[in-house]
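Trainee: I would like a close look at a single part of this model, taken slowly and with its surroundings included. Please choose the part and lead me through it in one connected account.

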Amino acid sequence: MTELRMPVVVVNFKTYPQATGDKAVSLAKICEKVAREYNVSMVVAPQIADLYRVTTVVTIPVFSQHMDPGEPGRYTGHTLGEALVASGCKGTLLNHSENRMQLADIEEAVRIAEKLKLYTIVCTNNPFVSVAAASVRPSAIAVEPPELISSGISVSKAQPEIITGTVEKIRAVNREVAILCGAGITTGEDVSAAIKLGSQGVLLASAVAKSDKPETALRNLVGPLRK
Ligand code: G3P
């Protein structure tokens, strides 16, 4: 099973033009460079169409932004775990607020990912949904209030209770699952605040993927985690 060292910074490339195709490759290389230099655990999540080209050029873990449940064979247009493994992926996001799934499908995807040794990060929107998602035993939960996504206003500053509430509620029933948070995380200070609130890492996108200077943005973000 793929394991991640905590604290972890997961950079979601979403479908930003600045992080698509050849630019996904360049951005992943920047992430790897900064991760090495700062000795920080980092994951990149490019679009599915870019996964293979990115996994061939970096050694940091590459995750998919989504995975569908289902057995290989007849699922036209779906992205199955077997194809993710074949593309060199080490894990996947599930149920991102921009690509919601039903709980039964999340559970099936998590079981398949387990068999394939893929790490699973199930995204959620609040502490209650986080507990429901933790009950299907993914590798990690990432709580992200949708209204703060790409707002530049950090969850760790604007809604700290979402993080503390998620940690408290999940830990009452599940001691294993890793707990991450995201939405609006823009600076190293936002990252530090998230960790202080009990998060084991962050999931972020626009601060890096939309930046004119992604390397500078990333250095600022991971500075407080430097080993
Ligand atoms: O998956 C990360 C995410 O939804 C947060 O996005 O742009 O607010 O960092 P952003």
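Mentor: What follows stays with the sheet and moves along it, with the neighbouring pieces added as they come up.

The model is a predicted one, in which local features need pLDDT of at least 70 and side-chain atom pairs count only at pLDDT 80 or more, while totals for chains, interfaces and linings use all residues. Residues are numbered from 1 along each chain as its sequence is written, and side-chain values use heavy atoms, with hydrogens and water left out.

The sheet is open and has eight strands in the order β2-β1-β8-β7-β6-β5-β4-β3, with parallel pairing. Its edge strands are β2 and β3, each of which pairs on one side only. Strands here are DSSP runs of E with at least two residues, helices are runs of H or I with at least four, and both are numbered from the N terminus; two strands pair if DSSP finds at least two bridges between them.

Take β1 and its surroundings to begin with. β1 pairs with strand β8 (residues 201-204) in the parallel sense over four bridges, and leucine 203 in β8 is the bridge partner of valine 10. Valine 11 also belongs to β1 and is buried, with a relative accessible area of 0%, where buried means under 20%, exposed over 50% and partly exposed in between, using a 1.4 Å probe and protein chains only. Leaving aside residues up to four places away in sequence, valine 11 touches Cys31, Met42, Val43, Val44, Ala45, Leu204, Val208 and Leu218, a contact being heavy atoms within 4.5 Å. Although valine 11 and alanine 205 are 194 residues apart along the chain, their C-alpha atoms are separated by 5.6 Å.

One of those contacts, Cys31, leads to helix α1, where it is among the buried residues. This helix covers residues 22-38, and its 17 residues reach 25 Å from the first C-alpha to the last, close to the 24 Å expected, the expected span being 1.5 Å times one less than the number of residues. An α-helix has 3.6 residues a turn, so residues three or four places apart point the same way. The buried set of α1 includes Ala24, Leu27, Ala28, Val34 and Ala35, and the buried residues pack against β1 (8-12), β2 (41-45), α2 (51-55), α9 (206-209) and α10 (214-222). Tyr38 is buried as well, and the charged end of arginine 226 sits over its ring, 4.1 Å from the centre; this requires NZ of Lys or CZ of Arg within 6 Å of the ring centre and within 35 degrees of the ring normal. After α1 comes asparagine 39, with a positive phi near 50°.

Further along the strand order, β5 and β6 run parallel and are joined by four bridges, and valine 122 stands opposite isoleucine 141 in β6. In a regular strand the side chains alternate between the two faces of the sheet. In strand β6 (residues 140-143), Ala140 and Ala142 point one way and Ile141 and Val143 the other, and all are buried. Valine 122 is also touched by asparagine 95, as are Cys123, Arg100, Met101 and Ile106. Asparagine 95 lies in the loop between β4 (91-94) and α4 (103-115), and it counts as buried because its relative accessible area is 6%.

Strand β5 (residues 119-124) also has a link to strand β3, since tyrosine 119 in β5 and phenylalanine 63 in β3, 56 residues apart, form a pair that links distant parts of the chain. The structure has one aromatic pair, and phenylalanine 63 and tyrosine 119 make a tilted one, 5.8 Å centre to centre with 40° between the planes. The rule takes rings of Phe, Tyr and Trp (its six-membered ring) with centres within 6.5 Å, and calls planes under 30 degrees apart stacked, over 60 edge-to-face and the rest tilted. Both partners are buried, phenylalanine 63 at 0% relative accessibility and tyrosine 119 at 5%.

Beyond β3, the loop between β3 (63-64) and α3 (81-86) holds threonine 79, which is buried, with a relative accessible area of 14%. Apart from residues up to four places away in sequence, threonine 79 touches Ile48, His66, Met67, Asp68 and Leu84.
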